Amino acid sequence: MPETFIVTEPEQAAALLHPVRSELISLLKEPSSATELSKRMNDSAQKINYHLKALEKVGLVVRAGTRNVRNLVEVLYVSAGRSFLLSDSLGLSADTIKKLQDQTALAHVLSLTEKIKRDAISLMEQSEDEEIPSAVMEMELALSNMDHRNAFLQEYADMLTTLIQKHHKPNKEHAKVYHVSMAMYPKPEGGGTT
């Protein structure tokens with residue numbers, strides 16, 4: 001997988017803006033099947049397969065092989081790159097590229113909130129009286145410019161990576177896997193939702 005995939009087609013840029021498709025691309029750093037992805041995204045394999053075919057058609061994911069699972073052949077897909085860069089050949093202005101990048105990030109926020117909602121409903125349906133160990137953290141942060149925002153994000157990612165590496169014990173007996181997410185976006189005018 002190349003480190004950076006250059007997006008040269010308008011159809012590719014449009015696919016990156018689609019919340020489900022952009023989430024699939026982010027999950028395909030390692031080869032996976034539609035069935036595996038459907039479990040991770042808590043969605044139907046049929047729907048995931050439809051989006052994978054659309055991504056394959058525009059070249060953002062590629063087939064990485066097949067495997068047999070209970071007399072069925074599963075197709076494995078992988079992302080066409082670890083990161084994506086919009087080409088100048090698209091003829092987009094710097095302002096349009098910035099808007100596309102912002103919309104892609106917001107599309108990820110939408111996709112993440114939908115995923116969290118699906119997962120929460122699924123957990124509530126699975127347990128009636130059992131306490132579900134979960135936590136939510138929300139805060140506001142005032143940053144003076146884009147450089148400060150990027151510095152904060154980098155420092156936060158580094159700190160979180162160190163913290164997860166310290167506590168992540170996947171091979172321990174009875175280890176329970178938790179999903180950790182972070183979303184950051186400008187507070188909408190008027191205060192947004194409460």
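**Burial, core and pocket in a predicted model**

Biologist: Is Asn71 buried or exposed?

Modeller: In this predicted model, Asn71 has a relative accessible area of 83%. A residue over 50% counts as exposed, so Asn71 is exposed.

Biologist: Where is Asn71 placed, and what is its phi?

Modeller: Asn71 sits in the loop between E3 and E4. Its phi is positive although the residue is not glycine. The value is near 65 degrees.

Biologist: Which segment holds His174, and is His174 buried or exposed?

Modeller: Phi of His174 is near 70 degrees, again a positive value in a residue other than glycine. His174 belongs to the segment after helix H6 (146–167). Its relative accessibility is 74%, over the 50% cut-off, so His174 is exposed.

Biologist: Is Ser32 buried or exposed?

Modeller: Ser32 is part of strand E2 (residues 32–33). Leaving aside neighbours within four places in sequence, it contacts Leu37, Arg40, Val75, Leu76 and Tyr77. Its relative accessible area is 7%, and buried means under 20%, so Ser32 is buried.

Biologist: Why do the buried residues of H1 lie on the same side of the helix?

Modeller: The buried residues in H1 are Gln12, Ala13, Ala15 and Leu16. They lie on the same side of H1 because the arc they cover around the axis is only 160 degrees.

Biologist: Which element gives the largest share of the largest nonpolar core?

Modeller: That core has 22 residues, and those with the most contacts inside it include Leu24, Leu37 and Ile48. Strand E1 (4–7), helix H1 (10–17), H2, H3 and helix H4 (45–57) each supply at least two residues. In helix H2 (residues 19–27), 7 of the 9 residues are buried. The largest share of the core, 4 residues, comes from H2.

Biologist: Which residues does Ile48 touch, not counting those up to four places away in sequence?

Modeller: Ile48 is among the core residues with the most contacts inside the core, as are Leu24 and Leu37. Both of these recur in its contact list. The full list is Leu24, Ala34, Leu37, Ser38, Met41 and Asp43.

Biologist: How do the lining residues of the second largest pocket divide into nonpolar, polar and charged?

Modeller: About 180 Å³ of space lies in this pocket. Helix H3 (34–41), strand E3 (61–69) and strand E4 (72–79) each give two or more residues to its lining. Among the lining residues are Ser33, Thr35, Glu36, Lys39, Arg67 and Val73. The lining divides into 3 nonpolar, 2 polar and 5 charged.

Notes:
Residues numbered from 1 in each chain as written. Predicted model: local features only at pLDDT ≥ 70, side-chain atom pairs only at ≥ 80, totals over all residues. Heavy atoms only, no water. 1 Å grid on protein atoms, 1.4 Å probe; cavity = no way out; pocket = protein on both sides within 12 Å on 5 of 7 lines; lining within 4 Å. Points joined across faces, edges and corners; volume = space filled by probe spheres on them. Nonpolar A, V, L, I, M, F, W, Y, C, P; charged D, E, K, R; others polar. Buried < 20%, exposed > 50% of the residue type's maximum accessible area, 1.4 Å probe, protein only. Core = buried A, V, L, I, M, F, W, Y, C linked by side-chain atoms within 4.5 Å. Contact = heavy atoms within 4.5 Å. Arc of directions from axis to C-beta.
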